[in-house]
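Hi,

Here is the structure I promised to pass on. Have a look at it first, and then read on for what turned up.

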Amino acid sequence: MDRQKSVSSNMRKVMVTGANGQLGSRLSEHPVDAQMHLVPLGRKELDIADTESIKRAIEVHRPDVIINAAAYTAVDRAESEPELARQINATGPGLLARACAEHGIDFIHVSTDYVFDGEARRPYRPEDQPNPQGIYAATKYNGEQQVEEAFKSLDNPRWWIVRVAWLYDVRGSNFMQTMLRLGRAGKALRIVQDQQGSPTAARPLAAALLTLAKHPSRVPSGIWHCGTEGPTTWFEFAQAIFKEYGLEVDASPCSTAEYPTPAKRPSYSYLDGAAFAHALKLPYMPWELELKNEIRALENATGDEK
């Protein structure tokens, strides 16, 4: 079965997996013009680890592009749930990619900075060799490998793996919201200072992925890094959040060794996202400015004060 074209030859029908998640929800609600139609599907509508579920979704919706925002992101819990993490982060992307390759559908898959071991001391580039250190990281890297494998025999492959780091949002469950909740509760906090990366907000990331879906010719197929200018540390990121919200919080820096977790985190995972932003003709800005922009956008949307 070949993909059927949309009613308008200029329209790009974009199917979004994981539509109820942090990134998926931002993709699903992002404003689009008449040249794009979004089909957001949560797990009830599409189980990416089920071949028949994927087949049905493609037959019903006939997408031009699939953006895979579905992921198992519980980094520490993955150490005790390796099979579930593998199904969602590796098996699922592989099945989606093979279906896209078979039916001529463009495929955009979102991956992570955690595929690297953190030993570098310069921004990671897409061509750098991954060396995942935990179950979550290993399953995400295996997902990347399966995507590449699915398209490698095609003469004109149309796939993109987009790695991002330190994803956050002004809503939902993430580092930013955890810091605000604890800070407002008046708790004394110890925050890791010896891990470096660059925070990436979900809303502008969604905009970038949809720009790629609409203008795929701007970016050659392959692996790309998306993010902001940095790096910073978790402690410095938290301090910036508190400052923007006018919170006085008793926070002090600590080392990774002083805050042990089941999964090992890379000590340095700053991704060089300049080339991706420039190819898509999108701004490439410091992480501090993106944070300010996201808070202002929330205020404008809700009319609320911080």
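What volume does the largest cavity have? The answer is about 50 Å³. Please keep in mind that this is a predicted model. In total, the structure holds three cavities of 30 Å³ or more.

If you would like to find the largest cavity on your screen, look for its lining: Val75, Tyr114, Phe116, the run Gln133, Gly134, Ile135, Tyr136 and Ala137, and then Ala263, Lys264 and Pro266. By type, eight of these lining residues are nonpolar, two are polar and one is charged.

Next, the open spaces. The second largest pocket has a volume of about 350 Å³. It is lined by 19 residues, and those closest to its centre are Pro204, Leu205, Pro283, Met285 and Glu290. Three helices each give two or more residues to this lining: H6 (202–214), H8 (274–279) and H9 (287–302). H6 supplies the largest share, with five residues. Sorted by type, the lining of this pocket has 11 nonpolar, five polar and three charged residues.

Helix H6 also turns up in the surroundings of helix H1, which spans residues 22–29. The buried residues of H1 are Leu23, Gly24, Ser25, Arg26 and Leu27. Besides H6, their cover includes the strands S1 (12–17), S2 (36–41), S3 (65–68), S4 (106–112) and S6 (167–168).

Happy browsing, and best wishes!

Note on methods
Residues are numbered from 1 along each chain as its sequence is written. This is a predicted model: local features need pLDDT of at least 70, side-chain atom pairs count only at pLDDT 80 or more; totals for chains, interfaces and linings use all residues. Side-chain values use heavy atoms; hydrogens and water are left out. On a 1 Å grid over the protein atoms alone, a cavity is a set of points where a 1.4 Å probe fits but cannot get out, and a pocket is an open set with protein on both sides within 12 Å along at least five of seven lines; lining residues have an atom within 4 Å of a point. Grid points are joined across faces, edges and corners, and a volume is the space filled by probe spheres set on the points. Helices (H or I, at least four residues) and strands (E, at least two) are DSSP runs, numbered from the N terminus. Ala, Val, Leu, Ile, Met, Phe, Trp, Tyr, Cys and Pro count as nonpolar, Asp, Glu, Lys and Arg as charged, and the others, Gly among them, as polar. Buried means under 20% relative accessible area, exposed over 50%, partly exposed in between (1.4 Å probe, protein chains only). Contact means heavy atoms within 4.5 Å.
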